[in-house]
Amino acid sequence: MTDRFRIAIVGSGPGGLSAAARAAERGESHVLLEAEPHLSNTIYRYQKGKFVMDEPGILPLRSPVPFKAGSRETILGAWDEAAARLKINVRHGHEVSAIAKRPDGLFELKCANGKVVEAQFVVLGIGLQGNIRKLGVPGEDLPFVQYQLDDPDEYEGETIVVVGAGDAAIENAIALAKQNNVVIVNRRDEFARAKKGNEAGILKAIEDGLIECYYNAGPERVDALSVGRKKGRMILATANGKAQILIDRVIARLGATAPRGFVEACGVEFPSKDPASVPAISPQYESNVKGLYIVGALGGYPLIKQAMNQGYEVIEYIRGEKVEPADEPLLKAKFAPMPGFRSVDEALARVQKNVRLLSHITPLQLREFMLDSDVRTPKSGETVFARNDYTNSFYSIVDGEVQVVVDAATDQRITLRRGEFFGEMGLISGRRRSATVIAGAGCVLVETPRRSMNRLINSVAAVKREIDQVFILRAIQSRFVPEADAAQLADVVASATLQKFAAGDVLFNEGEVGDCLHLVRVGSLTISRNIGGKEVVLSYVPAGNYVGEMALLGDSKRSATARASIATETVRLTGESFKKLVARMPVLKLRLQAEYRQRAAANLAMQALPSGGDVIQFLLSQGAGEATDILLIDESLCVRCDNCEKACAETHGGTSRLDREAGPTYASVHVPTSCRHCEHPHCMKDCPPDAIRRAPNGEVYIADNCIGCGNCERNCPYGVIHMASKPPKKPGLLSWLLLGLGPGPGEAPVDPKKKKEAKEKKAVKCDMCKDVGGGPACVRACPTGAAIRISPEEFPAYAQSRR
Amino acid sequence: MSARHESILNHARSRYFWVALALSLASIVAYVWHAPDVGPNGGTWLGYTLGTIAALLIVWLMLFGVRKRSYSGAGGTLRGWLSAHVYLGTSLILIALLHCGFQFGWNLHTFCLVLMLVVIFSGFFGVYSYLRYPTLMTRNRESATRAAMLEEIGELDQNALALADGIDPKIHAIVLRSIQNTRLGGGVFSQLSARDDSDAALASVRAAIAARETQAKATTNPQSGQTIFAMVDFLASGANDRQTEALRKLIDLLSQKKAIATRVARDIQYQAVMEIWLYVHVPLSFGLLAALIGHVVSVFFYW
Ligand SMILES: Cc1cc2nc3c(=O)[nH]c(=O)nc-3n(C[C@H](O)[C@H](O)[C@H](O)COP(=O)(O)OP(=O)(O)OC[C@H]3O[C@@H](n4cnc5c(N)ncnc54)[C@H](O)[C@@H]3O)c2cc1C
Ligand code: HEM
Ligand code: SF4
Ligand code: SF4
C-alpha cells in the first residue's frame, strides 16, 4: 500500500525534524521518514554526555522545536518531547533508498523496508554523515554485531572481532585489547590507510601477540549460537580457505558511504567533482529538481541551529509564504557600514553587480558567502594588510580602489579598482602576504575567510578559472618583473600552465635538458644532487619561489634534481616564452643572475657537508615540508626536565599541548609531538563553525566558537590536537611558593566539580603563545636551549649548524 | 630565535662569558691597584664594593629559580638566563675571594664562603652532567620512550610466564620469582615521573636513591642470572624435545627482557644524575642566602 502526503521529509536531523515540526504546527499533511529507530541519528551518535553548543550565538533560533546549548541527553529529550507534543508523523526504520519524480509530478519515495510513499514535495535533510557501511553478509544485524563503540572499557574478557583497517577500527581494537581477546580482520595485506601512529600501534600489537590479525580476509557470515559459552561465530574467507571464530561481539568500522551518490541518483546536480562541493540550491532551498528541497548539512550548513532555521523556512516557502530569512538581521548588521546602504537585497545586488567574480554564483550562495564574510570600509591610506602578515582571507573590491605596494624600496604601486580582487596569493599558497595593500578613496571591501573562499572555488568552476588566471599573471609579475604591466606579460601568461605533483614526484632530473621554469604556487620542493651515488638535499624551495631558470639562461642542462617535498602545484612557464621575456627585459636577467649566485653559494656550502642533507631529508620525511614553524629538540642538550611541557601547561590552562618525548629522532634531532602550523592546515578542513584560524603572525589557533566535534583531532596527521574542558583557576605563583596553596607550576589544576556535570570539551592545540608575548613559552622555558622552533626555509642553515 | 641549537655555554656567542671575564679582570685590576695599608680585607671601601657586588650577584642567581617558574611574560629565554647564571656564578669565586682579601677563619664569614663554594661546585657538576648525559640517554634509549620500554618489559614478562606455564610448574615458579624481583616497573617509574618537584627535596632524593638501587639490581641482578642458569641446567639435564624448544624461547625472552630492563635502569639513572645535584645546589643556595644575611648583619653589628 502506498501512502500519499503533501510533504515528505527525509531524515530527522535538526533540519528535517524542525521542518516536520513546522509542518505539523501548520496542519500540513506530512511524513517524516527516518532510517533509524530514534530521531536525529547524528546527534544520537555523539559521545554520551557531550556538551552540544549552539553556535553561532548571534543567530536567533526559529523553530517550533527548542534548542539551547546543553548536554546531548537534554537536547534529545527535548526533541522527543516536542515531536510527541506537536504530533509529528514520524516513521522510524524507513530508510529512503530512491526518490523519483513521476510524470504526474508526484514524487515516489522507495524505502529499504519495501514501503513506498508518495508526496508532492520532498525535503531532504539527510545530513552528511552518510550511511554506516554494514558488513554486507548474513547476520549483519544480529544484536552482538555493532557499528559503533562508545566506551571500550565497558567490555571485559570477551572475544571481539573488529572488522576494518581504518583509524576507527584500529583505535577500537587497541583500546579493546586491554581487557579482551581481540581479532582484527583486514581485507588487505596492510594498514596503509591509517594514520602513521595508528599503523605503528596496530602492527606492534599484532607482533606482540596482543591482537590477532587476519590479513586478506573478509567475513562471510555471522551466526548466533544458542549453545556454548560464546554468543556467536563468524565465518571468515581467508587466503588459505575458511576460518571460524567463536565470538562474543563483532565491531565493524567500515566507514560510511557518502550520501552524494544517493542524492545524485535523485536527480540533484553537484557543481563539481570536488567532494567538498554542495548542490546548488535556490534562496528557497529548492534544488534543480522542482519540488525537491534540501536543508541542513547536506546543503552546506553544518551547524544545528542553521539546519533548524532552514527546516522552518522551507515549509513556509513550500506553502508559498514569504519569510524573511533568519539571517537577515545578521546581514543587515554586516552591510550597515556600507555607504548608501538601504536594504540587504539591494546591497547583495550591488555586490554581485560590481564584483564580476561573484556574478557566477547563485543568490543563496552569495547570501551564505556574505554571512561568512565581513564588509570593510577602510579610510583612504589605511593599511588593509601588510607584507609578511600571515592572514589568508580574500578581498573583493565592491567600490573604490586599493593600492598594492609591489616594491617597498621604490614605493612602486599598482592600483586595483572596483570589481577586482586581491589576497588570492596568500589564500592559494598558504604563505605570508607578498605585498602590502593600502586602501584608496571610497573603499568598500568584502573580506572572506579562507574556508568559504575555498568552498566557493571548489564548487564554482568559473570562479576557480578566473582566480587562477589572475594568480598566474600576478605571480609572474611580482616574482620576476614588477615594472612590467599586464600587456607586456600577456604572451608569457598565455603559455603558462598549472601543474600538480604528488609528494616525492620529480619535476626535473639532474642532467636533463631544461625546457621550462616552475614557479611554486602551493607546497614546496627540494633541490638535490647526486653526490657519490647518493642523493643529497641541498636546499628547500617554498611556495612563491621558482626553479629551473638557469638551464634556460646559460647551460641547457639541469644542474640538480627538483622534487616535490609535499603535494605541490606549480605555474609552469615554457622556456621559449620565458627567454623572450628575458630578452625584452634586461633587468630580469641581472636579477636572475644575482639570485643564482646566492643560491649557488648556498648549495656549495651544503655540498661540503653532505651529512647535513640527511638531517633535512629526515625532517622532510616527518612531513616538516608542509610546516611553517616546527618544534625541534636537540637531544644532546635536552636534560629531560620537562620544563617545556610545564611552561605550556602553565600558559594554557593546565594541559600541555606538546608531548616532548613522543616522536622520532635522528642524529639527536628530535621532532616532538607538537603543532607545526602547517601551510595548509589539515585540521581546518572540516571544522563546522570554522573555528580554526590563522593569526597574522602565522599561528594556527582554535577560536572560542569551537563546538568540540573532534573533526580536527581526527584530521591532523600529526596527532597534536586534544579535546579538553576549560580548567578552573589556579592560585598565583607567589601564593603557591609562600603559602603552598593549590597545585604548583606545571601541574594540572584540581577541579572540585570534576565529573559531576557535562562539561563542554573543546579542541585545544598549540597557538605558539600568540597571546603571551615574548615567543613560545616552551622555547623560552628550556634552560639548556634544547628546544627551538624553526621554519623549513631555515632547514639548510640549521643542517649546516649541526655537524 | 636563531635557526640553530646553542648550548648554554655558547649562547649568544658566549656573551656572558665575556661579561664575567670583564667583571673578573676589573676586580683584579682594582684589587692590585688598591693595595690598602692594612692589607686587603672586607672592611676597605673596595672590600665593601666587591662584597656588595657579590651579594647582589647571589640574590640575582637565586632569582633564576623564580624565573624558571614564571612561564608567561617577557624576560628573555631561560637559556640566556642560565648562560649568565653559569658564567657570572663562576666569576663569583674570584669576586668573593678578592672581597675577603683571602682572609679565612673559623667564623660565620668563612662558613658563608665555603657554603658558596659548595653551591658553585655543585653547579659545575650540574653543567658537566647537562653536557654529558643527554647524549648518553638518547643513545641508550635507541629511540624508544621509557613508557614504551616498560610496556615492552610487561609484555615480555607475560609472554615468558605463559611460555613457562606450558613447560613445568618449577620453571613457572622460577620465572614468576624473577618477575617479582624486577623492581623496575610501576613503583620507581611512577615515583620519578609523577614526582612532584615542587615538593620538598626529600621525596626525590629518596626516589633517586631508589632508582640507583634498582639500577644496581638490574645490572647485576643475581636473580635473573640465576634464572638463566637454572634453565641451562634444566636444558642440560635433557628434558624432552618440545620443552627444549620452549625453554630456548624462554631464555630468549628473558635475555631480551634483561637487556631492556638494563636500559630502563640506566635511563632512570641518567635522569637521576641530571636531577640529583639540584638537591644539593638548591637547598644549599637557600642556606647560603640565610648565611649571607647573617654575615651582612653581623658585620654591621660588630662595626
Ligand atoms: C561529533 C560531532 C559534534 C558536533 N557538535 C555540534 C555542536 O555542538 N553544535 C552544532 O551546532 N553542531 C554540531 N555538529 C554538527 C551537527 O551535528 C550537524 O550540523 C547537524 O547534525 C546537521 O543536521 P542535518 O539535519 O543536516 O543532518 P543530520 O543531523 O546528519 O541528520 C540526518 C538524519 O537523516 C537520517 N538519514 C540519513 N539518510 C537517510 C535515508 N536515506 N533515509 C532516511 N533517513 C536518513 C539519519 O539517520 C539522520 O537521523 C557536530 C557534528 C559532529 C559529527
Ligand atoms: C652562589 C652561587 C649560586 C647560586 C645561589 C645558585 C642558585 C641556583 C638556583 C636557585 C637555581 C634554581 C634551581 C631550580 O629552581 O630548579 C640554580 C640552578 C642552576 N644552577 Fe646555580 N647557583 C649558583 C651558582 C651556580 C654556578 C657557578 C653554576 C655553574 C657553573 C650553576 C649552575 C646551575 C645550573 C646548571 C642550574 C640548573 C638549571 C636548571 O636545570 O633549571 N649555579 N642555581
Ligand atoms: S594541528 Fe595538525 S594539521 Fe593543524 S596546523 Fe597543526 S600540525 Fe598542521
Ligand atoms: S576546532 Fe576542531 S573540535 Fe572544534 S569545532 Fe573545529 S573541528 Fe570541531
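In this predicted model, the charged end of A:R433 sits over the ring of A:F385, at 3.9 Å from the centre of that ring. A:F385 also belongs to a cluster, in which ring pairs link it with A:Y395 and A:F422. A second charge placed over a ring can be found in chain A, where A:R474 lies over the face of A:F421, 5.5 Å from the ring centre.

These residues can be read against the annotation of the chain. An unreviewed UniProt entry lists residues 357-474 and 480-599 of chain A under "domain: Cyclic nucleotide-binding", although such annotations may be inferred rather than shown by experiment. In the model, residues 357-474 of chain A are 34% helix and 31% strand, and the C-alpha atoms at the two ends of this span lie 16 Å apart.

Aromatic pairs occur elsewhere too, and over all chains the structure holds 21 of them. One of these joins A:F335 and A:F341, whose ring centres are 6.3 Å apart and whose planes meet at 15°, so the pair is stacked; planes under 30 degrees apart count as stacked. The two partners can also be described by their exposure: A:F335 is buried, with a relative accessible area of 0%, whereas A:F341, at 22%, is partly exposed.

A pair in chain B offers another geometry to examine. The rings of B:Y31 and B:F102 have their centres 6.3 Å apart, but their planes stand at 75°, and the pair is therefore edge-to-face, given that angles over 60 degrees are assigned to that class. This pair links distant parts of the chain, with B:Y31 in helix α1 (residues 15-34) and B:F102 in the loop between α3 (78-100) and α4 (108-141), 71 residues apart. B:Y31 has a relative accessibility of 18% and so counts as buried, because the limit for that class is under 20%, while B:F102, at 44%, counts as partly exposed.

The setting of this pair is a chain built with eleven helices and zero strands, so that, by the DSSP runs used to assign elements, the order from the N terminus on is α-α-α-α-α-α-α-α-α-α-α. Among the contacts in chain B between residues at least 6 apart in sequence, 78% join residues at least 24 apart. Of the 303 residues of chain B, 45% count as buried, and the accessible surface of the chain comes to about 15,900 Å², with 64% of that area belonging to carbon and sulfur atoms.

How values were computed:
Residues numbered from 1 in each chain as written. Chains lettered and ligands numbered in written order. Predicted model: local features only at pLDDT ≥ 70, side-chain atom pairs only at ≥ 80, totals over all residues. Heavy atoms only, no water. Phe/Tyr/Trp six-rings, centres within 6.5 Å; stacked < 30°, edge-to-face > 60°. Buried < 20%, exposed > 50% of the residue type's maximum accessible area, 1.4 Å probe, protein only. Helix = DSSP H or I, 4+ residues; strand = E, 2+ residues; numbered from the N terminus. Lys NZ or Arg CZ within 6 Å of the ring centre and 35° of its normal. Contact = heavy atoms within 4.5 Å. Areas by Shrake-Rupley, 256 points an atom, 1.4 Å probe, with all protein chains shown as cover.
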